Amino acid sequence: MMQLRQLDMKRVTEEERRMASVVAKKEEEKKRESQKQSLLKEKKRLTINNVARRWDLQQHRISNIAADQDGRDSDSPSQDPCQNAGSTVSAFQEETGSLDSGLTSALQGLSVTDTHLVEVDGDTLSLYGSGALECLDRNWSVQTAGMVTTVSFTFIEFDEIVQVLPKLKLKFPNSLHLKFKETNLVMLQQFNALAQLRRVDQLTVDPQGNPVVNFILWKYYVLFRLSHFSMQKINGTEVTQNDMIMAERLFGILAHVASSELPPYRLISVLGDARKKQFQCLLETKGRKPGIVSEENDNSKRLAGENTNRAALHYTTRDLYHEKLEEIKEKKKFCKMYIEDLVKEATEINMKNEALQKLWPQMFIELVRDAVIEVRNKNSYMKLCLQHITDQK
């Protein structure tokens, strides 16, 4: 009330007016900052909802394709994908509370066409949508990259995550905790891909969108396959020594079978140059009886062999698997054509040989007759030979 001259029976001074103006400006700035934060929060919520909606539509299309391939009844009523899209979106709804008219009008102008979201909050890097994986190509500052210890993936296919794991290891070397939510983790084999990281202390796999957690033994398999990480927590639960022992008992034989089924050249290609020495130790122990090797030497080689065995358990993404299938088809096609050409050529040679065997007796008689006639007159034959020699010179 700028026109006010008296307050509580006292005259309003210029100093009081100035102090009141400063307080009013601070309150206005605080209100604008609060509106800005609310606006950013609402935009984040809308973006996540949009990513969730796109994810649900994509999963619905995939399920329809799988249903068609399985030969299900095409006459059964299909659900509207827009109706299914609300299942995941509802899980990410947030209460925005009452908003004033200014903020409400600002929210109406927000764009909800964003298909991914990248957020760094403290030591956590959160990635929403497959497009967010492109952020790993950015030039992150050393301070930010070193500060990130937790990486969260949401609404991203695990096969797409596998392709950027080497970048994740380079860009964020201190990342120790991985979180997966709505990433289509459906089989134990997929955890093999995490072995290429530098270190993982904690792993969180949300049941939402990751059916693999329905397997009773999935935690034990993770502990076995990623034993070289000495993992501390899985889904917030401390890992005990008994868990490690149980994991070894359950899956130790699996790794042994996997490595024994691979030929040596394939196993070496899986291991890489850095672990060829361990593989050589494994080859030296194969075929020997347990009593021949000393206990200490046997234990050291057994440990090296265990690491080698685990390395044989690797994961191939679906795209790479299909590429290999196409490559195998092309190789089969080439080999078939090559063998057909060889068979055709061999057949033609055999037919010519059979024809020669039939004609050869008469040909031999004619050759002998022509030779006898040619040398019958010795003088004329000698002149003919000399003439041939002269013509050659």
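**Figure 1. Ring pairs join F153, F158, F180 and Y315 into a cluster in this predicted model.** The cluster belongs to a structure that holds 10 aromatic pairs in total. Two further pairings are described in the legends that follow, each with its geometry and its place in the chain.

**Figure 2. The rings of W55 and F155 form a tilted pair.** Their centres are 6.3 Å apart and their planes meet at 50 degrees; planes from 30 to 60 degrees apart fall between stacked and edge-to-face, so the pair is classed as tilted. W55 belongs to helix α1 (residues 14-69), whereas F155 sits in the loop between β5 (150-154) and α6 (158-171). The pair therefore ties together parts of the chain that are 100 residues apart in sequence. W55 has a relative accessible area of 4% and is buried. F155, at 3% relative accessibility, also counts as buried.

**Figure 3. F158 and Y315 make a tilted aromatic pair.** The separation is 6.4 Å from centre to centre, with 55 degrees between the ring planes. Distant parts of the chain are linked here: F158 lies in helix α6, and Y315 lies in the loop between α11 (295-311) and α12 (318-375), 157 residues apart. F158 is buried, its relative accessible area being 1%. Y315 has a relative accessibility of 12%; because the cut-off for burial is under 20%, Y315 counts as buried. Both F158 and Y315 are members of the ring cluster that includes F153 and F180.

**Figure 4. Helix α7 (residues 218-225) crosses helix α8 (residues 241-261) at roughly 80 degrees.** The axes of the two helices come within 8 Å. An angle of 65 to 115 degrees counts as roughly perpendicular, so this description applies to α7 relative to α8. On the α7 side, the contact is made by Y220, Y221, L223 and F224. These residues meet D243, M244, M246, A247, E248, L250, F251, G252, L254 and A255 of α8. By class, the residues of this contact divide into 11 nonpolar, 1 polar and 2 charged.

**Figure 5. The whole chain, shown as context for the close-up views, comprises 13 helices and 9 strands.** Of its 393 residues, 27% are buried. Among contacts between residues at least 6 apart in sequence, 75% join residues at least 24 apart. The chain exposes about 27,200 Å², and carbon and sulfur atoms supply 54% of this area.

Technical notes:
Residues are numbered from 1 along each chain as its sequence is written. This is a predicted model: local features need pLDDT of at least 70, side-chain atom pairs count only at pLDDT 80 or more; totals for chains, interfaces and linings use all residues. Side-chain values use heavy atoms; hydrogens and water are left out. Axes are lines fitted to C-alpha atoms, for helices over the stretch in contact, and angles run from 0 to 180 degrees between N-to-C directions. Helices (H or I, at least four residues) and strands (E, at least two) are DSSP runs, numbered from the N terminus. Angles under 35 degrees count as roughly parallel, over 145 as roughly antiparallel, 65 to 115 as roughly perpendicular and the rest as oblique. Contact means heavy atoms within 4.5 Å. Ala, Val, Leu, Ile, Met, Phe, Trp, Tyr, Cys and Pro count as nonpolar, Asp, Glu, Lys and Arg as charged, and the others, Gly among them, as polar. Rings of Phe, Tyr and Trp (its six-membered ring) pair if their centres lie within 6.5 Å; planes under 30 degrees apart count as stacked, over 60 as edge-to-face and the rest as tilted. Buried means under 20% relative accessible area, exposed over 50%, partly exposed in between (1.4 Å probe, protein chains only). Accessible areas come from the Shrake-Rupley method with a 1.4 Å probe; for residues, only the protein chains shown count as cover.
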